[in-house]
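Me: I should like to learn how to read a structure of this kind, one feature at a time. Could we begin with a single residue and then widen the view?

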Amino acid sequence: MGLILLEALLALAVLVLIVWWTMFSGRQKGELPPPDEKDTDSHKK
């Protein structure tokens with residue numbers, strides 16, 4: 001029983017690590033800033 005619980009906790013830790021890696025690994029300062037108004041207006045024309 002203890003071995004199954006340990007394996008389940010290890011699988012959960014791997015899942016959390018994968019989610020963290022895909023969300024936060026590539027960006028130095030977190031989320032990208034929103035685009036400027038000028039950039040979006042030029043694409044609409």
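**Reading a predicted model**

Reply: Let us start with one side chain in this predicted model. Trp20 counts as partly exposed because its relative accessibility is 45%, and partly exposed covers values between the limits of 20% and 50%.

Me: Is Trp21 buried or exposed?

Reply: Trp21 has a relative accessible area of 54%, so this residue is exposed; the limit for that class is over 50%.

Me: How is a pair of aromatic rings described?

Reply: A pair of aromatic rings is described by the distance of the centres and the angle of the planes. In this structure there is one aromatic pair. The ring centres of Trp20 and Trp21 are 6.3 Å apart and the planes stand at 55°, so the pair is tilted.

Me: Which helices and strands does the chain contain, by number?

Reply: The chain has two helices and zero strands. Helix α1 covers residues 2-24.

Me: What span should the 23 residues of helix α1 have?

Reply: One reasons from a rise of 1.5 Å a residue, multiplied by one less than the number of residues. For helix α1 the expected span is therefore 33 Å, and its end C-alpha atoms are 33 Å apart, which agrees.

Me: How many residues of α1 are buried?

Reply: The count is zero among its 23 residues, so α1 is hardly covered, given that buried means under 20% relative accessible area. As an example, Leu15 is found in helix α1, and Leu15 is partly exposed because its relative accessible area is 49%. For the chain of 45 residues, the buried share is 0%.

Me: What do the surface areas tell us about the chain?

Reply: The chain exposes about 4800 Å², of which carbon and sulfur atoms supply 69%. A nonpolar patch lies on the surface, with about 1200 Å² of accessible area together. Its members include Leu15, Trp20 and Trp21.

Me: Which residues does UniProt list as "transmembrane region"?

Reply: An unreviewed UniProt entry lists residues 6-24 under that name. In the model, the span of residues 6-24 is 100% helix and 0% strand. The end C-alpha atoms of residues 6-24 lie 27 Å apart.

Definitions and conventions: Residues numbered from 1 in each chain as written. Predicted model: local features only at pLDDT ≥ 70, side-chain atom pairs only at ≥ 80, totals over all residues. Heavy atoms only, no water. Helix = DSSP H or I, 4+ residues; strand = E, 2+ residues; numbered from the N terminus. Buried < 20%, exposed > 50% of the residue type's maximum accessible area, 1.4 Å probe, protein only. Patch = residues over 30% accessible without salt bridge, like charges linked within 9 Å, V, L, I, M, F, W, Y side chains within 5 Å. Areas by Shrake-Rupley, 256 points an atom, 1.4 Å probe, with all protein chains shown as cover. Salt bridge = Lys/Arg side-chain N within 4 Å of Asp/Glu carboxyl O. UniProt positions renumbered as here; feature names shortened; annotations may be inferred. Phe/Tyr/Trp six-rings, centres within 6.5 Å; stacked < 30°, edge-to-face > 60°.
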